[in-house]
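Got the viewer open? Let's take a short walk, one selection at a time.

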Amino acid sequence: MDDFSNQIYSQVYQIPFGHVSTYGEIAKFAGYPGYARHVGRLMAALPEGSKIPWHRVINSQGRISLKGDSLLRQIAALRAENVAVSDIGQVSLRYYRWQGHS
């Protein structure tokens with residue numbers, strides 16, 4: 001695994017239970033500002049059952065970018081963490097956003 005992937009996964013792994021972050025924020029926290037799409041690709045490529053909390057990463061509009069069954073799976077995973085998610089995948093970034101390193 002390359003350094004970029006390791007840095008991204010490390011940041012995603014730090015998102016606390018019940019919080020979300022955006023693809024762009026994860027890229028910035030990892031030292032790669034402007035690489036939001038790359039973060040999205042890495043999250044999409046994770047194998048089923050990965051321990052990395054991929055479901056806590058959403059887009060900058062506070063929405064889940066996935067469609068179909070994948071959207072439903074991410075909604076269910078976030079709701080299991082008591083994150084309020086609308087049926088179309090909207091999350092309040094104002095309330096649930098992880099502010100990064102504490």
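A pocket here is an open set of grid points with protein on both sides within 12 Å along at least five of seven lines, and its lining residues have an atom within 4 Å of a point. Keep in mind that this is a predicted model.

**Stop 1: the largest pocket.** Select Met43, Leu46, Trp54, His55 and Arg73, which lie nearest the centre of the largest pocket. The full lining has 20 residues, and the space inside comes to about 350 Å³. Now colour helix 3 (36–45) and helix 4 (68–79): each supplies at least two residues of this lining. If you colour the lining by residue class, you will find 10 nonpolar, seven polar and three charged residues.

**Stop 2: Val12.** Next, go to helix 1 (residues 3–14) and pick out Val12. Is Val12 buried or exposed? Val12 has a relative accessible area of 0%, so it counts as buried, the cut-off being under 20%. Show its contacts beyond four places in sequence: Val12 touches Ile26, Met43, Ile52, Pro53, Trp54 and Val57. Two of these, Met43 and Trp54, you have already selected among the residues nearest the pocket centre. Then draw a distance from the C-alpha of Val12 to that of Val39, 27 residues apart along the chain; the separation is 9.6 Å.

**Stop 3: Asn82.** Finish in the loop between helix 4 and helix 5 (93–96), where Asn82 is found. Check its backbone: phi is positive, about 65 degrees, although Asn82 is not a glycine. Turn on the surface, too, and look for Asn82 there, since this residue is exposed, with a relative accessible area of 62%.

Terms used
Residues are numbered from 1 along each chain as its sequence is written. This is a predicted model: local features need pLDDT of at least 70, side-chain atom pairs count only at pLDDT 80 or more; totals for chains, interfaces and linings use all residues. Side-chain values use heavy atoms; hydrogens and water are left out. On a 1 Å grid over the protein atoms alone, a cavity is a set of points where a 1.4 Å probe fits but cannot get out, and a pocket is an open set with protein on both sides within 12 Å along at least five of seven lines; lining residues have an atom within 4 Å of a point. Grid points are joined across faces, edges and corners, and a volume is the space filled by probe spheres set on the points. Helices (H or I, at least four residues) and strands (E, at least two) are DSSP runs, numbered from the N terminus. Ala, Val, Leu, Ile, Met, Phe, Trp, Tyr, Cys and Pro count as nonpolar, Asp, Glu, Lys and Arg as charged, and the others, Gly among them, as polar. Buried means under 20% relative accessible area, exposed over 50%, partly exposed in between (1.4 Å probe, protein chains only). Contact means heavy atoms within 4.5 Å.
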